[in-house]
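Here are a few short exercises to work through at your own pace. Have the sequence and the 3D view open, and try each task before reading its solution.

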Amino acid sequence: MKTFKGQAISWELKHGVVELALHREPCNEIGSLTLDELEKFVSEMASIQKEAHALIIYSEMKPGFCAGADLRELYHRSQELEPKQAAKDVRDYLERIHRVMNAIDASSLTTIAAVHGVTFGGGFELALVCDLIIADKMARFCFPELRLGLIPGFGGIPRLKRDLGNAVVRDLLLTGRSFNAAKAQQMGLVSQLVGEGESLRAARATATQLGKFDRHTAIAAKQFIKPIPYDELRREIDIFCQLFSQPAVEAGLRKFVESEDAQPYLP
């Protein structure tokens, strides 16, 4: 399938580049709908990779790239189910999202996240599966899960450790504060820093440049320099599920859901 138009995401394959757009209001929260459509994309990747050399993931939403998991859906589902069933439901969801993230991480395509604005939680984790992050100057990165009594659950901790090391992970995870695109570039997280509204244009130019090189060499290089920390990713799921049963999490989620702020995910 070369094109797909869904309710949360769309993609198109053109001139050897797949562009995957996130377009779920208000800021691409990743819930069951988005996950279903991401799984559909991953199921098509084997055939897509035969015709493409690069994948660009970007957002059509003005507030930013992605605000993370759909916490309202998570809270309401946990309230509707018995505790044991709620715990199983959370684990099943995490295992599904990890399969998606791991598939994109391991793809033979060179993957580029073109980000702007809010790139928080699960959205930050989606960017981290990509080989390159191109950010406009208004992008902000954050793991706000600590204020909910949780840790990131979409693979963010092992992938950030892989890319930047433990010091950055501890800062982001334990403080819950955000940092801007300039700081992200200084730390080595962002490969290109561009003007406001320019991240997709820069990603397209980069993808065109990538098409000039031998694919077998690029694939071999990616496999060599980007190992996937599967054991730590599985451990992350276990820790998240253990924490999810704590009273602090329910209280944190309730506070988030009941917030009257237009963008309650902002620090």
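**Exercise 1.** How many salt bridges does the count come to?

Solution. This is a predicted model. A salt bridge here needs a side-chain nitrogen of Lys or Arg within 4 Å of a carboxyl oxygen of Asp or Glu. By this rule, the count is 19 salt bridges.

**Exercise 2.** Work out which parts of the chain are linked by the salt bridge between R96 and E39.

Solution. Start with the distance: the closest N and O atoms of R96 and E39 are 2.7 Å apart. Next, place the residues: R96 sits in helix 3 (residues 83–106) and E39 in helix 1, so distant parts of the chain, 57 residues apart, are linked. Finally, check exposure: R96 is partly exposed because its relative accessibility is 23%, and E39 is also partly exposed, at 26%.

**Exercise 3.** Set the pair D238 and R91 beside the pair R234 and D231.

Solution. Take D238 and R91 to begin with: their side chains form a salt bridge at 3.0 Å, N to O. D238 belongs to helix 10 (residues 230–244) and R91 to helix 3, so this pair ties together parts 147 residues apart in sequence. Now turn to R234 and D231, whose closest N and O atoms are 2.5 Å apart. Both of these residues lie in helix 10, 3 residues apart, or about one turn of the helix.

**Exercise 4.** Decide whether N28 is buried or exposed.

Solution. Buried means under 20% relative accessible area. N28 has 3% relative accessibility, so N28 counts as buried. Its side chain also makes a polar contact with the side chain of S59, at 2.9 Å.

Conventions
Residues are numbered from 1 along each chain as its sequence is written. This is a predicted model: local features need pLDDT of at least 70, side-chain atom pairs count only at pLDDT 80 or more; totals for chains, interfaces and linings use all residues. Side-chain values use heavy atoms; hydrogens and water are left out. Buried means under 20% relative accessible area, exposed over 50%, partly exposed in between (1.4 Å probe, protein chains only). A polar contact is a pair of N or O atoms within 3.5 Å; within protein, one must be able to donate a hydrogen and the other to accept it, and residues adjacent in sequence count only if both atoms are side-chain atoms. Helices (H or I, at least four residues) and strands (E, at least two) are DSSP runs, numbered from the N terminus.
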